[in-house]
Amino acid sequence: MKRSTRWIASLLAACLTFTGFAQGAMAAGLVSTEQVAATEGVKSATAQREHLNATLSRADVAAALAERGVSVDQARARVAALTDDEVATVANTLDTAPAGASDVLGVIVTIFIVLLITDILGFTKVFPFTRSIR
Amino acid sequence: MWTALFLWVLAATGCAVQTQALREHPPADLPHKAELESTPFFAQTAYQCGPAALATGLAAAGFTADPAVLGEQVFLPARTGTLQVEMIAGARRQGAIATRMPVQLEALLREVQAGRPVVVLQNLGLSWAPLWHYAVLVGYDIDEGEVILRSGKTRRQVMAMRTFEHTWKRSGHWGFVVSPPGQWPSQADEKAVIEASVGFERSATPQQAVAVFRSALARWPESLSLQMGLGNSLYAAGDKRGAADAFRFAARLHGSAPAWINLASVLIELGDSSDALAAAKEAVAASDDDWRGKAAEVLRAAEEK
């Protein structure tokens with residue numbers, strides 16, 4: 001199972017690489033706005049280095065999204081809407097970055113009490129029924 | 001034991017300093033309360049607070065928004081949630097501009113006062129037990145110490161301002177405003193506007209991008225990235241003369257290698273051989289390691305003409 005998923009993912013990555021992402025590509029070898037913004041101190045030096053690998057990681061990120069339940073067409077469209085810098089961010093933090101979801105059921109019992117107290121103190125707002133002290 | 005836990009919790013969570021400062025010394029020019037009552041509401045289903053909050057922001061800015069469609073564009077099934085980057089990109093895909101907000105609570109309140117709701121990421125739990133959640137700030141009351149949110153399944157959630165500050169701080173003070181192209185949030189800083197414009201350029205038609213860069217330049221006329229964006233989108237729109245003018249302006253003002261490179265490339269295409277050669281020489285002279293290869297390339301091309 002695991003093996004076949006991996007195989008499909010690499011096939012997908014290959015397909016995406018070959019179809020390419022025409023969007024945002026500048027004709028005539030002009031320097032793109034993203035590249036200038038990256039060197040103008042808007043982005044870190046690391047982000048600039050990652051920029052070089054952006055074309056490659058686009059296909060990888062699309063494949064990674066597809067692996068995580070997004071349809072292939074959507075994955076491609078979603079990655080196409082990202083700047084190179086954003087692609088690098090997603091590539092590096094896909095499984096660790098905050099993913100807004102909010103569901104109280106995810107909270108396990110051991111920290112229930114702590115969160116209940118912090119809710120009442122107004123530091124957190126996990127439970128809909130708490131009313132914090134002002 | 002409970003006392004110890006209580007003290008530890010206090011120490012771990014700290015004070016809501018911004019709320020305290022706002023309540024003790026409210027800025028003189030900021031009205032003490034505001035509420036954008038007409039902001040639409042989309043109740044979230046199961047983990048879909050991202051699409052719901054995004055739909056709220058889009059609809060408030062005058063875009064048609066359907067959380068179910070947005071869900072396909074931004075929701076990440078394996079994470080049962082929505083990434084911040086995809087919230088921003090999701091807004092852009094609808095033709096809107098998404099601009100990051102500063103980390104000051106006051107800036108958020110001012111934006112609401114100016115009529116724009118702010119989409120925020122909150123960590124409703126604790127740093128080591130996170131509960132990530134997107135909501136939309138639509139109102140505040142400094143005297144009562146409250147904020148008003150469109151949040152989850154609640155149309156009008158009233159939350160203590162300091163609780164909001166804690167939950168917002170835990171997300172790294174992350175928030176953005178959705179606006180139609182050409183209109184910028186009053187509180188956005190230059191860096192945020194550059195990022196938003198550059199991202200917009202990727203999803204938009206060249207004509208739309210030209211308009212957005214022009215509107216941003218109206219506020220920050222000296223920004224190199226914005227000037228380059230204007231030149232590049234004019235070029236993509238087929239206006240090579242206009243592009244050359246934009247690159248020339250940027251090149252002279254900043255002595256910037258990429259601006260000289262692009263100017264030389266466009267002048268070669270326009271057939272201005274002598275000007276192209278002069279610009280290419282300037283490009284080589286202005287280049288550091290990042291641009292040397294590209295500058296040498298354009299100089300060769302100019303010399304061949």
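Analyst: A helix here is a DSSP run of H or I with at least four residues, and a strand is a run of E with at least two, both numbered from the N terminus. By that rule, chain A has seven helices and one strand. This is a predicted model, so local features need pLDDT of at least 70 and side-chain atom pairs count only at pLDDT 80 or more, while totals for chains, interfaces and linings use all residues. Residues are numbered from 1 along each chain as its sequence is written, chains are lettered from A and ligands numbered from 1 in the order in which they are written, and side-chain values use heavy atoms, with hydrogens and water left out.

User: Thanks! In what order do the elements of chain A run?

Analyst: From the N terminus on, chain A reads α-α-α-α-α-α-β-α. Chain B, by comparison, holds 14 helices and nine strands, and its C-alpha trace spans about 80 × 40 × 40 Å along the principal axes.

User: What makes a residue count as buried, and what percentage of each chain does?

Analyst: Buried means under 20% relative accessible area, exposed means over 50%, and partly exposed lies in between (1.4 Å probe, protein chains only). On that scale, 57% of the 305 residues of chain B are buried, and 47% of the 134 residues of chain A are.

User: Why is Ile113(A) called buried, partly exposed or exposed?

Analyst: Ile113(A) has a relative accessible area of 39%, so it is partly exposed: the value falls between the 20% and 50% limits. Ile113(A) sits in helix H7 (residues 112-121) of chain A.

User: What makes the patch that includes Ile113(A) a nonpolar one?

Analyst: Patches are built from residues with over 30% relative accessible area and no salt bridge; nonpolar side chains (Val, Leu, Ile, Met, Phe, Trp, Tyr) are joined within 5 Å, and like charges within 9 Å. Phe112(A), Ile113(A) and Phe129(A) make this one, with about 290 Å² of surface. Phe and Ile are both on the nonpolar list, so the label follows. Areas come from the Shrake-Rupley method with a 1.4 Å probe; for residues, only the protein chains shown count as cover.

User: How do you know that Arg202(B) and Glu34(A) form a salt bridge?

Analyst: A salt bridge needs a side-chain nitrogen of Lys or Arg within 4 Å of a carboxyl oxygen of Asp or Glu. The closest N and O atoms of Arg202(B) and Glu34(A) are 2.9 Å apart, so the pair meets the cut-off. This pair crosses between chains, from helix H8 (residues 190-203) of chain B to helix H2 (residues 33-42) of chain A. Arg202(B) and Glu34(A) are both buried. Side chains of opposite charge can pair when their charged atoms come close.

User: Where do Asp245(B) and Arg248(B) lie, and how exposed are they?

Analyst: Both belong to helix H11 (residues 240-254) of chain B, three residues apart, about one turn of the helix. Their salt bridge has its closest N and O atoms 3.1 Å apart. Asp245(B) is partly exposed at 47%, and Arg248(B) is partly exposed at 23%.

User: Why do Asp289(B) and Arg292(B) get their exposure labels?

Analyst: Asp289(B) reaches 65% relative accessibility, so it counts as exposed. Arg292(B) has 45% and is therefore partly exposed. Their side chains meet in a salt bridge of 2.7 Å, N to O. Elsewhere, salt bridges that share partners join Glu34(A), Arg58(A), Asp84(A) and Arg202(B) into one network.
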